[in-house]
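Reader: I'd like a close look at one part of this protein, the salt bridges. Could you walk me through who pairs with whom, and where those partners sit?

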Amino acid sequence: DAYRINRELKDLYNEYADRFDDFYIGLESGNGGSQVLGYYSFLSDKVLSVVVIYGYQQTDVLYPNYKVYNFDLSSGDLLDYDDMIKLLDVDTDLVYSNVLDNISNNDFDFDIFYDETVNEFNSSINDGSVLCFVNEDGVLEYIVDVFVPGGRGNVYYRFSSEKVTNSKDN
């Protein structure tokens with residue numbers, strides 16, 4: 001797993017390094033953009049989570065993409081979603097309920113797109129493509145593809161698996 005992931009990250013880095021010259025030339029002609037490629041790592045007592053953020057744009061708004069890798073610290077194995085839930089021994093019903101509450105109680109208004117966001121979240125859980133990680137506080141977080149009005153139509157936001165009290169309704 002480690003070799004494959006390192007290769008994936010190296011290929012992503014090379015893609016962005018190659019694209020850098022194109023963006024620089026575009027800036028000189030007034031048509032430039034920007035790009036981002038970075039990562040965060042979080043260490044808990046059971047899991048090492050690595051969240052890779054990457055994206056580029058040629059407008060005034062950058063829409064990043066994410067890759068998430070979670071490793072079992074005792075075995076070194078890459079964890080899929082089901083393995084992660086088992087290892088962390090979380091109540092999946094409570095986690096799911098809290099994430100949905102946090103999606104509906106965020107600081108921006110996208111109520112008309114709530115159903116699409118929830119459907120996307122459900123699909124990602126069902127097909128195993130869900131992006132989740134253990135954050136710096138040891139709390140499971142989800143990166144959810146949120147549908148919002150205007151522009152691209154969707155962006156990624158982080159939602160905690162714990163109930164958040166600083167919502168728009170409080």
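Author: Here is a tour of the salt bridges, one pair at a time. Keep in mind that this is a predicted model. Searching the whole structure turns up three salt bridges.

Let's start with Glu8, which pairs with Arg4; their closest N and O atoms are 2.8 Å apart. The two are four residues apart in helix 1 (residues 2-28), so about one helical turn separates them. Both partners are partly exposed: Glu8 has a relative accessible area of 27%, and Arg4 has 41%.

Next up is Arg7 with Asp11, where the closest N and O atoms are 3.9 Å apart. The cut-off for a salt bridge is 4 Å, so this pair, at 3.9 Å, makes the list. Here too the partners are four residues apart in helix 1, about one helical turn. Arg7 comes out partly exposed at 39% relative accessible area, and Asp11 is also partly exposed, at 38%.

Now back to Glu8, because this residue also forms a salt bridge with Lys67, with the closest N and O atoms 3.8 Å apart. Glu8 belongs to helix 1 while Lys67 lies in strand 3, so this pair ties together parts that are 59 residues apart in sequence. Lys67 counts as partly exposed, with 24% relative accessibility. Through shared partners, the salt bridges join Arg4, Glu8 and Lys67 into one network.

Terms used
Residues numbered from 1 in each chain as written. Predicted model: local features only at pLDDT ≥ 70, side-chain atom pairs only at ≥ 80, totals over all residues. Heavy atoms only, no water. Salt bridge = Lys/Arg side-chain N within 4 Å of Asp/Glu carboxyl O. Buried < 20%, exposed > 50% of the residue type's maximum accessible area, 1.4 Å probe, protein only.
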